[in-house]
Amino acid sequence: MTNTTYAVASDYFIWAAIIVLAVAMVAFSVHLAVTGSVRQPRALRADARTPVTVGAPGGDADDGAPAVPGRAPTPSRRWGVVGLQLTWLATLAVVAGTALRGLSVSRWPLGNMYEFTLFTVSFVLVVYSAWSLRQDRLWLGAFVVLPAVVFLGAAKLSWYTEASQLMPALDSIWLVIHVTVATLSVALFTLGAALATAYLVKDGAERKGDVTGWLAALPAGRRLEQMTYGLHIVAFPLWTFTLIAGAIWAEQAWGRYWGWDPKETWTFVIWAVYAAYLHARATTGWSTRRSTWVALAGFAAIIINYTVVNLLMTGLHSYSGVSS
Amino acid sequence: MSTDRGGTQAPERIEPSYPKDRTTLGGPRLGAVGWARWVWRQLTSMRTALFLLLLLALAAIPGSIFPQRGVDPVRVRRFFEDNPDLAPWLDRVGMFDVYASPWFASIYLLLMVSLVGCIVPRSRQHWEAMRAQPPRTPARLGRLPVHRSVVLDAAPDDVVAAARAELRRRRYRLRAEEDGARTVSGEKGYLKESGNLVFHLAVLGVIVSVAAGHLFGWRGEIIVKEGETVTTGPSAFDTLHLGPLVDPDDIPVYSLQLNDLDVQFEAEAQGAQFGQPRVFRGVATVQEDVSGSPSAPRTEEFAVNDPLGISGTSVFLLGNGYAPVVNVRDADGQILFSDAVTFLPQDNTYSSEGVIKVPGADPALGFVGGFLPTLTFDPEIGPTSSFPDLVDPALVLAVFEGDLYPEGRAQSVFSLDTESMDQVLQDDGTPVSLLIRPGDELELAGDRGSIELETVIRWGGLMVRHDPGRIPALVFSGAALLGLGLMLGVRRRRVFVRVTPATGTPDPAGDGARHTEMTVAGLPKGTDPGLDELVEQVLERIATASGGRVVTDKDDS
Ligand code: HEM
C-alpha cells in the first residue's frame, strides 16, 4: 500500500531542503570571504612565526575559530551562523522527507537510487550538524552543503522514483542493515572528500606561501589532513562491514556470496582504493598530499558506483528504479 | 608550552623496524642470494603492498565493463556478435574472464605472498614487544613530538610515585626502573598491533576460504514445475558446475516436491515500478537421503532471501515462469501429448517463449511460439504481454510438421530445429497461427487433430549449492572487521616522565619552596591528535596528586 499524502509531503520537504541549502551555500561562502579578508593580516603575521601558532595544540586558533583578542578585529560570524542555522533547518527537512517517504510505503526507505540518495544526504547533514554543535565548523559548511545540494538535485531531477513497494530480492532485513551502513559510510566518505579537498587547496597555498582570501579562513593544512584521516578511519570499517553484509545478503538472495556482479566489483574496488589510501598514509616516502589524492580517487569510485554502475551496467543489482 | 608537532621534520613515532620503504636498499654488488633477498624485501614492503592494492582495484574494473563468461555467457556471445572485430582481441587478453585470468591471479597471488611476508616478521616482532618492557626514557624528552615541563613545589620522589600511579591508573604498562631512578616509562595500546595482525591474517583467511569454496564446492540448476518432484544427484540437474576437486558421487541424494509457488507483481504504482515482482515464495516437501535410509518428509516454506538447507546444501528459489498445460490429440481424439511445458520469460512482462514437441503424431508436430500472461495487441509487433501476472493469458503458436530430430541430433527442449520441417499452412496458403486461451481447444487445419490449453501452472528455477568455504569466509570476515576496529580504534602511545630536583635554579618566589622540575612527553604511533590533551591531563593530575603547586610553567618562560 502506498500512502500518497505522505509521498507528496516527502517531495515538498526535499524541494524545500534544496532551496534552503542553496541559500546556506551562499551564506557559508560569504562567511569564508568575510573571515578570510579580516584574518588575512593576522594570518600573514602568524606565518612569520611558524611553527608556534600553526602547530599549537588544543587548537582553537587552529580550527578556524576567531581567537586571540586584541590582535586583530574579530571577523563577523553572522553569515556563517546564518548558513549553519539554515543547514540545521535543511537537515530537519531532509530527514523528515526521508522518513515520510518510508512512512508512505510502510518500509525502510532504501529501495532505489532516489531513496538511497536521500538517506546519504540525511547522514551527511546530520553528521555535520552534530559536529557543528560540538565544535566550530562554520568554515566547513560550504564544503558540506555543496555536495549535499548536488546530490539532492541530481536525485530529484534524474533519479526520481515513485514511492512503491519492494521487489522480493530487496525484501530482507539485510536491506536495512547493509544499505543503511552503506549510506552512512558513503556520507562519511563524502565529508572526508570535502575535507581532503579543503586540505589539498589549503596545503597548496601554504606551500606557495600564499594563504590569502578565503583560504585564510580555513584551519592549517596539517589539521585538515588529520581530520580527513580521522573521518576515513571511521568510514573504512563501515564500508568493510557493508561489503561483508552485502556478501551475506547476496548469499541468501542469489545463492552465492560473491559473483563479481558490477555492483559487487565496484564495492570491492572502492574498498581496495581506500585500503590503499590508509597504507599510503603509513608509508614513508609517500607524501600526505599524494595519499590524499588516493582518498579522492576512492571517492571518485564511489561516485562512479553510484551513477555509471547503477544506471548503465547490467547486473543483478538492477534496482535503481530509474526507467531507461 | 611548546609541543611543536608542526615542525618541518617528520615527527618521530613508534614504528616497528618493518620495511616501509625499501628503495634505498640493495648495494651495487649482489650475489644470487642477495638478489633473492632484495626481491623478497621489495615484495614485502608497504610500498609494494600499496601498489598491488591499487593495481588490484584497477584490474577488477574491466570485469564490470565487459560481460563475463562466468557470470553471463549469453551476453558474452551477444557481445561477440555485435563486435566481431574487437571481441577476439579482448578475449585474447582475458577481458571476458577477468577474475580467472592469469594477470588478475598474479596480482592477488603477489599480494598474498606480500601479505605473508609482512605478517610473519611483524608477528614475531609483536610477540617480542609484548613480552619486553617499555623502552628506557629517552635522554632528551624535548625532542619528542609532544612534551611539557613544569616546576613543581613537591618532593621529587613524591612526583615520581604520583606519575607511576597515574600511568598505572590509566593502564599503561610501566618499565621497572632501577631504584632511585627519577624516570617513568609507560606504554599502552598493544592491541593496535594485535588488531593489525588479526586483520591481515583474516584477509588471508578469507582469500583461502574463497579458494577452498571454488575447489570443493558445486552448484546445480534445475527447473521444477508446480506439483513436480525432483531427486537430486549428478544427473538430475539441468546444469551442473562441479569444483575441480569434487567427486560427483558426493552429491547428496534427496527428493524435493514443489507443492506451490506464490508470485505477485506490482499492479498499483506506475512508471518503472509497474509490473515489478513483489512476492515470490514457494512451499516444498523434502525427503533426505532417499537412496539410503530416507528421512520423514518435511514441508517447508522458502523464498528469495530465505533458502532451504538440505543435507549440507542450500536450495535457492531464483527464477520463475509459466508452464501451460497442453493436450494434443489426433484426428480421432486420441491423446498424443499431455504435459506442462516450460516457457522461458523474455522480459519483465513475462512474454515467454517455448516449444511443444509432439513426436507421437504422424508426421511429428512441433509448435513454437509465445506464452503471454496478459495478452495485448501491439500495432507494430502484434500480440505481446503487458503485465507479468495471469490477467488474460494466451498461447500464440506457429505449427511445423516433419522430422523433429533430424539425424537423431540432440536438441534443447526450448528450441525447434525446423531444418527438416515444413510450416503448416491454412487452406489459403498463409501460415497457421494459433491463439489459444485456457479452456480453448482448437482444431488444426488439414485434419491434423487438435490442441488444447487446459490450464497454466508456474515453475520455479532452483539453484542447489554446496560451498564448504562459506562459513570459514564468514568467520574470517568477522575477524577482519574486529581486527580493523582495534587497529584503527586503539591508540598506541608511549608516555615518559622525568623528574629532576631543580637545584640550580634560583628560588623565584624566595619562599623556600622545593623546586622540582617535571617533564611529561608522549610518543604516538601514527596520527594521534589526542596526544597533546593526554600529556596535558597526565601532567595536571600528577601535579595535583603529588600535592605540588605549579611554580613555573617552563614552556611559557
Ligand atoms: C589484502 C590487502 C590488504 C589490505 C586490505 C590492507 C589493509 C590495511 C589497512 C586498512 C591498514 C590500516 C592503516 C592505518 O593504520 O591507517 C593496514 C595497515 C598496514 N598494512 Fe595492510 N593491507 C593489505 C595488505 C598488506 C600487505 C600485503 C602488507 C605487507 C607489505 C601490509 C602491511 C601493512 C602494515 C605494515 C600496516 C601498518 C601501517 C602502520 O600503521 O604503520 N598490508 N593495512
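User: In this predicted model, how far is a nitrogen atom of the ligand from an N or O atom in the side chain of A:H279?
Analyst: Let's start with who sits around the ligand: A:H279 is among the residues that come nearest, out of 27 around it. Take a nitrogen atom of the ligand and an N or O atom in the A:H279 side chain, and the distance is 2.3 Å.

User: Which chains does the ligand lie between?
Analyst: Look at the helices that each supply at least two residues of the shell: helix 6 (221-254) and helix 7 (262-282) belong to chain A, while helix 2 (46-60), helix 6 (102-131), helix 8 (190-216) and helix 9 (470-489) belong to chain B. The ligand lies between chains A and B.

User: Which residues coordinate the iron atom of the ligand?
Analyst: The distances to look for here are 1.9 to 2.0 Å, and the NE2 atoms do the job. One partner lies in helix 7 of chain A and the other in helix 8 of chain B, so the pair joins two chains. The two residues are A:H279 and B:H200.

User: What is the arrangement of the 6 donor atoms around the iron atom?
Analyst: For six donors, the ideal angles are 90 or 180 degrees. Around this iron atom the angles run from 72 to 179 degrees, which makes the arrangement octahedral.

User: Is B:H200 buried or exposed?
Analyst: Buried means under 20% relative accessible area. A:H279 makes that cut at 18%. B:H200 has 10%, so B:H200 counts as buried.

User: Which class has 18 residues in the shell around the ligand?
Analyst: The shell splits into three classes, with 6 polar and 3 charged residues among them. The class with 18 is nonpolar.

User: How many residues apart in sequence are the parts that B:R494 and B:E187 tie together?
Analyst: Side chains of opposite charge can pair when their charged atoms come close. B:R494 and B:E187 form a salt bridge, with the closest N and O atoms 2.9 Å apart. B:R494 lies in strand 23 and B:E187 in strand 3 of chain B, so the pair ties together parts whose separation is 307 residues.

User: What is the relative accessibility of B:D528?
Analyst: B:D528 forms a salt bridge with B:R493, the closest N and O atoms being 2.7 Å apart. B:R493 is buried, with a relative accessible area of 14%. B:D528 counts as buried too, and its value is 1%.

User: How many salt bridges does a search of the whole structure find?
Analyst: Some are linked in a network, as with B:E166, B:R169, B:R170 and B:R541. Over all chains, the search finds 32.

Methods
Residues numbered from 1 in each chain as written. Chains lettered and ligands numbered in written order. Predicted model: local features only at pLDDT ≥ 70, side-chain atom pairs only at ≥ 80, totals over all residues. Heavy atoms only, no water. Near = heavy atom within 4 Å. Polar contact = N/O pair within 3.5 Å; in protein donor to acceptor, adjacent residues only side chain to side chain. Helix = DSSP H or I, 4+ residues; strand = E, 2+ residues; numbered from the N terminus. Nonpolar A, V, L, I, M, F, W, Y, C, P; charged D, E, K, R; others polar. Donors = N, O, S within 2.8 Å, 3.2 Å for Na, K, Ca; no water. Tetrahedral: all angles 85-135°; square planar, octahedral: opposite > 155°, others 65-115°. Buried < 20%, exposed > 50% of the residue type's maximum accessible area, 1.4 Å probe, protein only. Salt bridge = Lys/Arg side-chain N within 4 Å of Asp/Glu carboxyl O.
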